[in-house]
Amino acid sequence: RQFVEDENLTSEMLFNCDETGLNFRLLPRKTLATAVEKNVAGTKLSKEHVTHNVCANAAGTCKIPLQMTGKSQHPRYFCNGQPDLIPVEYTGQKSTWMTTVIFVKWFHETVVPK
């Protein structure tokens, strides 16, 4: 807080960026069963995962476009293999994790020009 006051920063100048994961095909771990159904057949958990990077300023006036990292270079599951058609910055990587290389590229190509 002292740094913000010393530098005369406004809420339009302060940004927060965070990443979060989404398991988009994961079914619930628990389910309700009736008295007749003692055992419910088990299923294998889906590991389909994407990572989102969200960034905005403290005032809420500048919202940077969402960055998404998925497993496939050309995902068919939401855009028929054409990631340019969705309103997010998409990057494909086998582990679906946000790496320093992906973050720096996204920062210099998307955040800095805004």
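**View 1. Cys-55 has Ile-64 in β3 as its bridge partner.** The model shown here is predicted. Strand β2 covers residues 49–57 and strand β3 covers residues 63–70. The two strands run antiparallel and are joined by five bridges. A further pair in this ladder is Asn-53, whose bridge partner in β3 is Gln-67. Five residues lie between the strands in the hairpin of β2 and β3. Within this hairpin, Gly-60 takes a positive phi near 80 degrees.

**View 2. Ala-58 sits in the loop between β2 and β3.** Is Ala-58 buried or exposed? Ala-58 counts as exposed because its relative accessibility is 57%, and the cut-off for exposed is over 50%. Leaving aside residues up to four places away in sequence, Ala-58 touches Ser-11 and Leu-14. The C-alpha atoms of Ala-58 and Phe-15 are 5.9 Å apart in space, although the two residues are 43 apart in sequence. Phe-15 belongs to β1, which spans 15–23.

**View 3. The four strands form an open sheet in the order β1-β2-β3-β4.** The pairing in this sheet is mixed. Its edge strands are β1 (15–23) and β4 (89–92), each of which pairs on one side only. On average, and with direction ignored, neighbouring strands are turned by 20 degrees against each other. The antiparallel part of the sheet includes β2 and β3, whereas β3 and β4 pair in the parallel sense.

**View 4. Four bridges hold the pairing of β3 and β4.** Gly-70 stands opposite Gly-92 in β4. How are the residues of β4 divided between a covered and an uncovered face? Tyr-90 and Gly-92 make up the covered face, while Glu-89 and Thr-91 are on the uncovered one. In a regular strand, side chains alternate between the two faces of the sheet.

**View 5. His-52 lies in strand β2.** With a relative accessibility of 14%, His-52 counts as buried, because buried means under 20%. Which residues does His-52 touch, not counting those up to four places away in sequence? The contacts of His-52 are Asp-18, Glu-19, Thr-20, Leu-22, Leu-66, Gln-67 and Met-68. Of these residues, Gln-67 is also the bridge partner of Asn-53.

**View 6. Helix α2 lies across β1, β2, β3 and β4.** The helix spans residues 100–111. Its direction is at about 150 degrees to β3. In the order of elements from the N terminus, α-β-β-β-β-α, the chain has two helices and four strands.

**View 7. Phe-103, Val-104, Phe-107 and Val-112 make a nonpolar surface patch.** The area of the patch is about 300 Å². Val-104 lies in helix α2. The relative accessible area of Val-104 is 37%, so this residue is partly exposed. For the chain as a whole, the exposed area is about 9,100 Å². Carbon and sulfur atoms supply 55% of that area.

**View 8. Glu-109 forms a salt bridge with Lys-105.** The structure holds one salt bridge. At their closest, the N and O atoms of this pair are 4.0 Å apart. Where do the two partners, Glu-109 and Lys-105, lie? Both are in helix α2, four residues apart, which is about one turn of the helix. Glu-109 counts as exposed because its relative accessibility is 53%. Lys-105 has a relative accessible area of 48% and is therefore partly exposed.

**View 9. The whole chain has 114 residues, of which 22% are buried.** Contacts between residues at least 6 apart in sequence include many that span longer stretches of the chain: 53% of them join residues at least 24 apart. His-52 is one of the residues that count as buried, whereas Ala-58 in the loop between β2 and β3 counts as exposed.

How values were computed
Residues numbered from 1 in each chain as written. Predicted model: local features only at pLDDT ≥ 70, side-chain atom pairs only at ≥ 80, totals over all residues. Heavy atoms only, no water. Pairing = 2+ DSSP bridges. Axes fitted to C-alpha atoms, helices over the stretch in contact; angles between N-to-C directions. Contact = heavy atoms within 4.5 Å. Buried < 20%, exposed > 50% of the residue type's maximum accessible area, 1.4 Å probe, protein only. Areas by Shrake-Rupley, 256 points an atom, 1.4 Å probe, with all protein chains shown as cover. Patch = residues over 30% accessible without salt bridge, like charges linked within 9 Å, V, L, I, M, F, W, Y side chains within 5 Å. Salt bridge = Lys/Arg side-chain N within 4 Å of Asp/Glu carboxyl O.
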